[in-house]
Amino acid sequence: MGVTLVAETGSGVPPLAGFTVGVTAARRAEELGALLERRGAVVVHAPALRIVPLPDDAELAAATRSLIQNPPDLVIATTGIGFRGWVEAADGWGLGEDLLDALRPATVLCRGPKARGAVRAAGLVDAWSPASESSAEVLEHLLDAGVDGKRIAVQLHGEPLPDLVEALECAGADVVTVPVYRWVPPDDIGPVDRLTDAVIAGSVDALTFTSAPAAASLLARAAERGLRDELVAALRGPVLAVCVGPVTAAPLQELDIPNVQPRRSRLGAMVRRLEAEAPNRTRGYPAAGHWLELRGHAALVDGELRALPPAGMALLRALTRRPGRVVGRAELLRALPGGGDDEHAVETAIARLRAALGAPKLVQTVVKRGYRLALDPVSGPAPLGGQCVSGDYRRP
């Protein structure tokens, strides 16, 4: 999936235009990709996991039969789609009515409104749900009420929820986990490997995660290829990890990988959080009478988005690391993708960069020395050390 990098007429540049975003989700991946693309992002989709179809899931069938034979005292419904899928799968096995009969006398707790809606649609009555929509508050509620000797069915939602299950068992409960959908490695691992390579190479600006197993799977596959350290370094550095919620973020946090999350664990909220973070990942410069802004893998010149070839983007980043100062041809040659030893390649790439920017004077030739970003004198001297971070320069 991808979009052409163009500004929206009359409405400014889309907030994520110029950024490349990786999507690791399997479930609702198209919805997430569409949300990102509508905001201008280029999307690279590589599902890190595959969902086992419910009717084929022997573990779910075994848990369902166990609960029918020995009904629970309490039921925890964590997701609407998961609870509905469980009832539908039971119907397919000819166990639908038996399951609902077993659950009907139980006290049903719902993690959020979607789970509550699914429970009510099945003809059951819910007793309570937390305002925070968090499993932690559900656990606190149950421990306060006491669960010793209670049989509790916990509908999982893709993650094993070990903290919840272990805490209930330690409090004396008999817990039956209901894996309404399980994750297994994708049939085709190629897209995952290509996405990992792109993250390590710096070709991806942000990587999104909607489940903890996806994050763990991506890291595990990188480890199999001997690339886990490089992937972790990229996620600790230039690539932003965006998680739908704290449970999803857990495998990353165990490795001290920073990440951002929305206040509510929703796809739309996650995309809006990425939008809010995007300005922090841009740098702007007044140069040659224009306003130049770097965005991921594109540039804005006076508010117009300009797609740049990889070589041009690499050179522009090298020049903006020391704005206004001369960067020699040898250093620029080292910055070019693929390297090489012919400095004429720098001249060719600079010419293409100027053409792509549509403002040739932004990059100035300094005879016999190299090239420089033509920083406007009114902006003052370049910062010592040559670093320009977001906020050093402001659009006039």
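**Exercise 1. Find the strands that pair with E11, and describe what surrounds Val242.**

Start with E11 and strand E12 (residues 259-260), which pair in the parallel sense over 2 bridges. This pairing belongs to a predicted model. In E12, Val260 is the bridge partner of Val242. Next, take strand E10 (residues 206-209). E10 pairs with E11 in the parallel sense over 4 bridges. Here Thr208 stands opposite Val242. Now look at the side chains of E11 (residues 240-243). Leu240 and Val242 point one way, Ala241 and Cys243 the other way. All are buried.

**Exercise 2. Decide how helices H8 and H9 are oriented to each other, and name the residues that meet.**

Locate H8 at residues 190-201 and H9 at residues 212-224. Their axes come within 10 Å and cross at roughly 80 degrees. Angles of 65 to 115 degrees count as roughly perpendicular. H8 and H9 are therefore roughly perpendicular to each other. Then list the residues. H8 brings Val192, Asp193 and Thr196, which meet Leu218, Arg221 and Ala222 of H9. Sorted by character, the contact has 3 nonpolar, 1 polar and 2 charged residues.

**Exercise 3. Is Arg151 buried or exposed, and what does its side chain contact?**

Place Arg151 first: it lies in strand E7 (residues 151-155). Its relative accessibility is 10%. Buried means under 20%. So Arg151 counts as buried. Now follow the side chain. It makes a polar contact with the side chain of Asp174, at 2.8 Å. Finally, leave aside neighbours within four places in sequence. Arg151 is then in contact with residues including Ser66, Asn70, Asp73, Asp174 and Val176.

Note on methods:
Residues numbered from 1 in each chain as written. Predicted model: local features only at pLDDT ≥ 70, side-chain atom pairs only at ≥ 80, totals over all residues. Heavy atoms only, no water. Buried < 20%, exposed > 50% of the residue type's maximum accessible area, 1.4 Å probe, protein only. Polar contact = N/O pair within 3.5 Å; in protein donor to acceptor, adjacent residues only side chain to side chain. Contact = heavy atoms within 4.5 Å. Axes fitted to C-alpha atoms, helices over the stretch in contact; angles between N-to-C directions. Parallel < 35°, antiparallel > 145°, perpendicular 65-115°, else oblique. Nonpolar A, V, L, I, M, F, W, Y, C, P; charged D, E, K, R; others polar. Pairing = 2+ DSSP bridges.
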